[in-house]
Amino acid sequence: MIFPKECKFVGNAASSPLGNKVYFLTEYLIHPTEGGFEVLKIQPKDGIGLMREIESVELVAGPKDIALWSDEVNTHDRAGLVRKALSTQKRCTIFGKEDDHMTFICDPDLSTFETVHVFDITPPNPSLVDTLTGLESLGFFETENVVFEHHIRDISKLETEVYPCRAGGFPHTLDRDIPPKGSRIACCRTGRQICHENYGYDFEFEDICPITQVNREPFIARCCRAENSGIGMYNGYFGAVVHWGANPKTIADAFFGMMKEWREQND
């Protein structure tokens with residue numbers, strides 16, 4: 001896959017006021033022709049000054065192999081751009097407009113991105129998944145070259161009589177009702193503790209904590225017990241755990257810290 005790291009390495013060759021000169025950082029040119037756009041790999045000559053003569057030119061993709069993405073994109077959302085490029089079913093896709101930053105992807109391949117597994121539950125909304133998806137769309141993880149694989153457990157499908165809280169829209173919940181003796185309860189360690197401290201032990205529990213679902217690495221998950229927050233091994237797998245109500249910055253910090261340690265361990 002050819003995907004320039006930054007737009008500053010891609011030049012727009014729609015005009016050439018200085019003739020056969022390009023900006024010294026330029027590695028690729030998007031060049032309009034009568035038949036459509038072509039993408040060129042170029043090598044500026046050594047020298048001084050911002051504008052340099054071109055040493056060599058190599059065709060990367062011609063008009064027949066190129067799709068133009070017409071909608072506005074965030075060029076910092078690298079994984080998102082690769083998905084878009086794959087959807088065109090063309091070998092090369094150009095993003096951006098002449099009056100804006102432009103880039104391209106040739107031979108798109110998501111396998112070059114590392115997969116991070118996200119463990120969450122619903123209902124209510126899987127807030128960890130939602131936060132990471134929002135940050136990803138903003139290009140927040142551009143430097144990490146990762147894709148997220150979401151593992152969202154739908155606890156409404158469990159065959160239980162009582163659920164943890166009313167926010168999920170359940171008719172019987174621990175934060176509102178006294179659970180009947182012998183009932184089957186969907187909850188985590190905190191819910192079990194509430195039951196044991198207040199109602200006794202005559203219950204059956206279905207553990208819904210995302211940490212208990214972790215079975216792949218690297219991962220990020222959320223948990224309602226603050227003492228479980230951190231970076232390390234959980235269920236024999238390496239990842240990060242954030243508190244249930246963690247804000248976007250805390251989640252992002254945990255992700256970057258986890259990836260740093262993960263890659264240091266696997267270099």
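Biologist: Which residues form the nonpolar patch on the surface?

Modeller: This is a predicted model. In it, a nonpolar patch lies on the surface, with about 450 Å² of accessible area when its members are taken together. The residues that form the patch are Leu18, Tyr23, Phe24, Leu50 and Met51.

Biologist: Is Phe24 buried, partly exposed or exposed?

Modeller: Phe24 sits in the loop between strand S2 (21–23) and strand S3 (28–33). Buried would require under 20% relative accessible area, and exposed over 50%. The relative accessibility of Phe24 is 32%, so Phe24 counts as partly exposed.

Biologist: Which strands stand at the edges of the sheet of 5 strands?

Modeller: This sheet is open, its pairing is mixed, and its order is S1-S3-S4-S5-S2. A strand with a single partner has one side left without a neighbour in the sheet, and therefore the edge strands are S1 (10–12) and S2.

Biologist: By how many degrees are neighbouring strands of this sheet turned against each other on average?

Modeller: The sheet in question has the order S1-S3-S4-S5-S2. With direction ignored, the average turn between its neighbouring strands is 50°.

Biologist: In what sense do S3 and S4 pair, and which residue in S4 stands opposite Pro32?

Modeller: S3 and strand S4 (residues 36–44) are joined over 6 bridges, and the sense of the pairing is antiparallel. Opposite Pro32, in S4, stands Phe37.

Biologist: Which strands stand at the edges of the sheet of 3 strands?

Modeller: This open sheet has mixed pairing and the order S6-S7-S8. Two of its strands have a single partner strand each, so one side of each lacks a neighbour in the sheet; these are strand S6 (66–68) and S8. From one strand to the next, the twist averages 20°. The edge strands are thus S6 and S8.

Biologist: Which residues in S7 are the bridge partners of Ala67 and Leu68?

Modeller: S6 and strand S7 (residues 92–96) run parallel and are joined by 3 bridges. The partner of Ala67 is Thr93, and the partner of Leu68 is Ile94.

Biologist: How many residues of S7 are buried?

Modeller: Helix H1 (residues 78–88) lies across S6, S7 and S8, and runs at about 130° to S7. S7 is largely enclosed by the rest of the structure, because the buried count among its 5 residues is 4.

Biologist: Is Thr103 buried or exposed?

Modeller: Thr103 belongs to strand S8 (residues 102–106). Residues up to four places away in sequence aside, Thr103 touches residues including Phe3, Cys7, Ile30, Leu81 and Ile94. Its relative accessible area is 2%, and the limit for a buried residue is under 20%. Thr103 is therefore buried.

Biologist: Which residues is Cys209 in contact with, leaving aside its neighbours within four places in sequence?

Modeller: Cys209 is found in the loop between strand S12 (204–207) and helix H4 (210–213). At 11% relative accessibility, Cys209 counts as buried. Its contacts, with those neighbours left aside, are Cys188 and Cys223.

Biologist: How many Å apart in space are Cys209 and Ile30?

Modeller: Ile30 is one of the residues that Thr103 touches. In sequence, Cys209 and Ile30 are 179 residues apart. In space, the C-alpha to C-alpha distance between Cys209 and Ile30 is 50 Å.

Notes:
Residues numbered from 1 in each chain as written. Predicted model: local features only at pLDDT ≥ 70, side-chain atom pairs only at ≥ 80, totals over all residues. Heavy atoms only, no water. Patch = residues over 30% accessible without salt bridge, like charges linked within 9 Å, V, L, I, M, F, W, Y side chains within 5 Å. Areas by Shrake-Rupley, 256 points an atom, 1.4 Å probe, with all protein chains shown as cover. Salt bridge = Lys/Arg side-chain N within 4 Å of Asp/Glu carboxyl O. Buried < 20%, exposed > 50% of the residue type's maximum accessible area, 1.4 Å probe, protein only. Pairing = 2+ DSSP bridges. Axes fitted to C-alpha atoms, helices over the stretch in contact; angles between N-to-C directions. Contact = heavy atoms within 4.5 Å.
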